[in-house]
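Grab your viewer and a pencil. Here are a few exercises to work through with the model open.

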Amino acid sequence: MFARASACSAARAITALLIEIASRDDYKRIRRRVMQNMLSLDRSSVGPVGLQTFAAEEDRRRLTGAATKAVVRLMRAWGATNAEAASLLGVSESTWDRVKAGRWDGVLSQDQLTRASALIGLFKGLHLLFADSMADRWPQLVNRGPVFDRKSPMDAMIEGGIPRMLEIRQYIDALRGGL
């Protein structure tokens with residue numbers, strides 16, 4: 001239902017643009033096509049807007065390349081060891097070595113993409129919160145915040161897995177006023 005509402009908003013924006021640039025006949029033809037596409041949405045693939053479960057193989061295959069590149073870059077920025085990076089992404093160290101070298105042609109699992117998403121969101125949140133190099137140093141620093149148990153955020157995420165990764169991401173979002 002929410003995805004349909006979003007699709008309707010997108011259709012209205014497209015319609016407004018078409019009114020400005022297209023002739024009346026073109027406008028009618030294109031609007032008809034947009035409406036047909038909206039009506040033919042596969043209801044099984046439409047969920048609430050913003051909810052990405054990474055359950056579909058097609059989605060995982062499409063997102064894996066970008067996710068692995070982003071995680072490699074942020075791990076480099078954070079100064080993570082191979083063991084830390086592999087643990088955070090949920091892969092073996094040998095797989096991490098191939099991912100890092102750009103020689104891995106696999107597809108991340110649902111859990112691994114969830115991990116990547118949490119890490120990427122945390123990276124973005126840190127760079128919005130801190131305007132200096134602290135954004136990249138913070139994951140390695142021992143923290144007395146309530147979700148860290150006097151560990152570095154990186155160690156806390158490795159120990160706590162996906163639930164702790166999401167909790168730390170929410171913690172940073174809350175600190176910067178994003179919640």
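Below are four short exercises, each with a worked solution.

This is a predicted model, in which local features need pLDDT of at least 70, side-chain atom pairs count only at pLDDT 80 or more, and totals for chains, interfaces and linings use all residues. Residues are numbered from 1 along each chain as its sequence is written, and side-chain values use heavy atoms, with hydrogens and water left out.

**Exercise 1. Work out the fold pattern and the overall numbers of the chain.**

Start with the secondary structure: it comes to 8 helices and 0 strands. Helices (H or I, at least four residues) and strands (E, at least two) are DSSP runs, numbered from the N terminus. Along the sequence that reads α-α-α-α-α-α-α-α.

Next, burial: 31% of the 179 residues are buried, where buried means under 20% relative accessible area, exposed over 50%, and partly exposed in between (1.4 Å probe, protein chains only).

Then contacts (heavy atoms within 4.5 Å): of those with a separation of 6 or more, 60% are between residues 24 or more positions apart.

Last, the accessible surface (Shrake-Rupley method, 1.4 Å probe) is about 11000 Å², and carbon and sulfur atoms own 52% of that.

**Exercise 2. Check the span of helix α6 against expectation.**

Take the 20 residues of α6, residues 110-129. The expected span is 1.5 Å times one less than the number of residues, so α6 should span 28 Å. Its end C-alpha atoms are 28 Å apart, which agrees.

**Exercise 3. Find the buried residues of α6 and what covers them.**

Walk along the helix: the buried residues are Gln112, Leu113, Arg115, Ala116, Ala118, Leu119, Gly121, Leu122, Gly125 and Leu126. Now look at their cover, which includes α3 (57-78), α4 (82-89), α7 (134-137) and α8 (153-175).

**Exercise 4. Trace the aromatic cluster around Phe148.**

The whole structure has 3 aromatic pairs. Rings of Phe, Tyr and Trp (its six-membered ring) pair if their centres lie within 6.5 Å; planes under 30 degrees apart count as stacked, over 60 as edge-to-face and the rest as tilted.

Begin with Trp138 and Phe148, an edge-to-face pair at 5.6 Å centre to centre with 80° between the planes. Both lie in the loop between α7 and α8, so the pair ties together parts 10 residues apart in sequence.

Move on to Phe148 and Tyr171, edge-to-face too, at 5.3 Å and 80°. Here the loop between α7 and α8 is linked to helix α8, 23 residues apart.

Now check burial. Trp138 is buried; Phe148 counts as buried because its relative accessibility is 0%, while Tyr171, at 22%, counts as partly exposed.

Put together, ring pairs link Trp138, Phe148 and Tyr171 into a cluster.
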